Amino acid sequence: MVFDILTYSFIQRAIVSGVAIALLCSIVGMFLVLRRYSLFGDAIAHSSFGGIAVGLLIGVYPIWTAYIISLSSAIIITKIKKSFSISGESSVAILLSSGISIGLILISISGGFTIDIFSFLFGSILLVNAEDTIIIILLTITILIVVLIFYRPILYSTFNEEQAQISGINVEKINYLLISISGITVVTSIQLVGILLISSLLVIPNITAILYGKSFKKTVLLSMTISTSSVVIGILFSYVLDITSSGTIVLISIIIFVVTVCLKSLGLINQS
Amino acid sequence: MKIVEIKKLNVKYGKSVVLKNINFDVEENDFLGIIGPNGAGKTTLFSCMLGMIKQYEGTIKFFGNNIQKSKKYLKNIGYVQQKPSFDKNFPITVKEVIEMGLNCSEDKINDALNQVLIHELANKRIGELSTGQQQRVFIAKALVGNPKILILDEPVTGIDTHSTELFYSMLNKMHLSKITIILSSHDLNAVNMLANKVACLNRTLFFHGVSKDFFNNDTLLKKYSESSMQKHIQNHKNGL
């Protein structure tokens with residue numbers, strides 16, 4: 001039966017896009033989690049709601065306006081946070097609420113909630129077309145290459161910002177690079193699980209992998225495995241059971257996390 | 001050859017003067033011990049030297065070049081923080097910490113680990129180690145880049161006596177292998193034993209010179225003790 005499902009082109013596109021997004025969220029999310037920036041993804045996603053509303057209002061493809069609004073608001077809020085010594089959680093709250101409020105106003109001006117808005121809020125991976133799939137794959141490859149090039153300075157400034165700065169790394173530029181990458185990742189991933197659930201994909205597989213992993217490389221690989229498995233199993237289950245794919249994907253990653261916590265508390269997991 | 005030259009260094013935080021008219025040099029192969037009570041400005045001095053504090057008056061030169069003109073000098077410095085801040089749950093092994101930010105061979109990493117006697121801990125998660133072991137990891141990290149100068153800011157804070165002794169013995173070996181070292185410490189005995197030069201700091205520098213000249217001079221030692229005690233009382237009053 002599974003093989004029959006895999007012959008459908010929309011399922012193939014969903015799985016390919018989903019796996020690409022899962023890989024992206026794993027690697028970018030790992031740095032966010034370790035920097036205690038777990039909710040930053042959520043804040044970017046909510047600010048993208050404003051961007052989507054702008055797109056729908058002016059008749060431009062909403063994902064493009066979401067990229068512009070999310071990226072610029074994430075960079076501006078980071079600049080404000082640094083200049084006025086605002087705490088990370090407060091800056092997240094500002095970013096999150098400003099995106100939602102702008103979005104709500106623009107949506108009310110444009111005539112209220114439509115099916116389009118709901119698909120961005122809750123994701124619609126089974127509806128991605130070939131063009132979206134190609135864009136998702138290209139963005140994933142580009143971001144993974146950027147992360148690979150700047151892997152050492154990103155990791156060092158995540159581990160110990162002061163030491164990294166003293167070793168000659170321009171920590172400020174690296175922080176802006178990571179914020180920009182996170183912005184692109186979040187908006188790209190909206191199509192998979194939607195604005196409301198995106199932070200779970202950035203956080204849960206990484207938290208689970210950290211419970212297992214001893215070395216950084218192994219932890220990242222494990223997170224990628226958990227993330228991609230959740231996405232593939234989630235898409236297939238949701239189709240078979242005729243339920244929402246975004247919720248199923250996130251629920252599977254939560255189940256893996258809960259099982260890990262149980263095994264860990266029983267002493268059955270050795271970090272490797 | 002002068003590795004470090006500091007001239008007329010003044011640092012203020014708002015209206016409060018943290019460092020006043022600091023002048024000293026560090027020659028190649030020197031082991032300079034910087035002593036002073038809490039709040040004397042030792043960490044501020046290091047922060048200026050490492051380019052973390054940019055707002056100051058005066059000149060700091062490393063290898064003959066003003067540090068405000070280029071950051072290249074940092075490549076030749078190994079720095080060990082007082083208490084390196086990192087998440088204890090960070091999934092990273094000792095080996096990964098040492099190679100982080102660098103492009104170095106496996107042999108070099110192993111050499112650095114052997115030098116600080118923790119080769120067997122290479123594949124352990126850093127959060128699992130004791131404070132003393134973690135501090136040795138950071139020394140190995142500082143050494144793996146082949147620094148010309150090693151700067152250590154009260155590196156034995158919170159470390160047990162045995163690890164401290166081991167640590168000082170390692171520093172002595174490094175100095176003998178021609179590495180220039182600057183160590184800030186409260187431990188006068190250790191500075192007396194290890195350093196060939198001493199700088200006494202308490203916001204201002206009231207002695208800088210050969211170690212023996214300081215430790216054999218009762219008047220200077222008394223002046224240092226009184227100054228430290230006054231600072232201690234002042235810190236206590238300020239709730240520090």
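Start in chain A by selecting helix α11 (residues 198-212) together with α12(A): the two pack at an angle of about 130°, with their axes 8 Å apart. That angle makes α11(A) oblique to α12(A). Turn the view until one helix lies over the other, and you have a right-handed crossing of α11(A) past α12(A). As you look around, please remember that this is a predicted model.

Now show the side chains between these two helices. From α11(A), pick L201(A), P205(A), N206(A), T208(A), A209(A), I210(A) and Y212(A). Their partners in α12(A) are T219(A), L222(A), S223(A), I226(A), S227(A) and V231(A). Colour this contact by class and you get eight nonpolar residues, five polar ones and no charged ones.

**Next stop: a covered helix in chain A**

Select helix α8 of chain A, residues 151-159. How many of its nine residues are buried? Seven are, so to speak of the helix as mostly covered is fair, by the cut-off of under 20% relative accessible area for a buried residue. The buried ones are P153(A), I154(A), L155(A), Y156(A), S157(A), T158(A) and F159(A).

What do these buried residues pack against? Within chain A, add α2 (9-34), α9 (161-166), α10 (171-193) and α12 (216-241) to your selection. Then bring in chain B, where α2 (94-99) and α4 also take part.

**The rings**

Stay with this region and select F31(A), Y151(A), F159(A), F216(A), F86(B), F90(B) and F138(B), which ring pairs link into a cluster. You have already met F159(A) among the buried residues of α8(A). Over all chains, a search of the whole structure finds 18 aromatic pairs. One of them is formed by Y37(A) and F40(A): the pair is tilted, with 5.1 Å from centre to centre and 35° between the planes. Switch on the surface and you will find both Y37(A) and F40(A) buried.

**Another helix pair in chain A**

Move on to helix α4 (residues 62-83) and helix α5 (residues 88-109) of chain A, which pack at an angle of about 145° with their axes 10 Å apart. The crossing of α4(A) and α5(A) is right-handed. To see the contact, select S73(A), A74(A), I77(A) and K81(A) on α4(A), then G88(A), S91(A), I94(A) and L95(A) on α5(A). By class, this contact of α4(A) with α5(A) has four nonpolar, three polar and one charged residues.

Before leaving chain A, click on S245(A), which belongs to helix α13 (residues 245-265). Is S245(A) buried or exposed? Its relative accessibility is 7%, and therefore S245(A) counts as buried. Setting aside neighbours within four places in sequence, S245(A) is in contact with I125(A), L126(A) and S238(A).

**Over to chain B: two helices**

Select helix α4 (residues 131-144) and helix α5 (residues 161-176) of chain B, whose axes come within 11 Å and cross at roughly 10°. With that crossing angle, α4(B) and α5(B) are therefore roughly parallel to each other. The crossing of α4(B) past α5(B) is right-handed. On the α4(B) side, the contact is made by Q135(B), R136(B), I139(B) and L143(B). On the α5(B) side, choose L166(B), F167(B), M170(B) and M174(B). Together, the contact of α4(B) with α5(B) has six nonpolar, one polar and one charged residues.

**Last stop: a loop and a strand in chain B**

Find the loop between β2 (16-27) and β3 (31-35) of chain B, and click on E28(B) there. At 42% relative accessibility, E28(B) counts as partly exposed. Which residues is E28(B) in contact with, leaving aside its neighbours within four places in sequence? They are M1(B), I3(B) and T180(B). Now draw a distance from E28(B) to K148(B): their C-alpha atoms are separated by 8.6 Å, though the two residues are 120 residues apart along the chain.

In this loop between β2 and β3 you also find N29(B). Phi of N29(B) is near 70°, a positive value in a residue other than glycine. Most residues other than glycine have a negative phi. N29(B) has 30% relative accessibility and counts as partly exposed.

Finish at N21(B), in strand β2 of chain B. Here too phi is positive in a residue other than glycine, with a value near 45° for N21(B). At 41% relative accessibility, N21(B) counts as partly exposed.

Technical notes: Residues are numbered from 1 along each chain as its sequence is written. Chains are lettered from A and ligands numbered from 1 in the order in which they are written. This is a predicted model: local features need pLDDT of at least 70, side-chain atom pairs count only at pLDDT 80 or more; totals for chains, interfaces and linings use all residues. Side-chain values use heavy atoms; hydrogens and water are left out. Axes are lines fitted to C-alpha atoms, for helices over the stretch in contact, and angles run from 0 to 180 degrees between N-to-C directions. Helices (H or I, at least four residues) and strands (E, at least two) are DSSP runs, numbered from the N terminus. Angles under 35 degrees count as roughly parallel, over 145 as roughly antiparallel, 65 to 115 as roughly perpendicular and the rest as oblique. A crossing is left-handed if the near helix is turned anticlockwise from the far one by less than a right angle, and right-handed if clockwise. Contact means heavy atoms within 4.5 Å. Ala, Val, Leu, Ile, Met, Phe, Trp, Tyr, Cys and Pro count as nonpolar, Asp, Glu, Lys and Arg as charged, and the others, Gly among them, as polar. Rings of Phe, Tyr and Trp (its six-membered ring) pair if their centres lie within 6.5 Å; planes under 30 degrees apart count as stacked, over 60 as edge-to-face and the rest as tilted. Buried means under 20% relative accessible area, exposed over 50%, partly exposed in between (1.4 Å probe, protein chains only).
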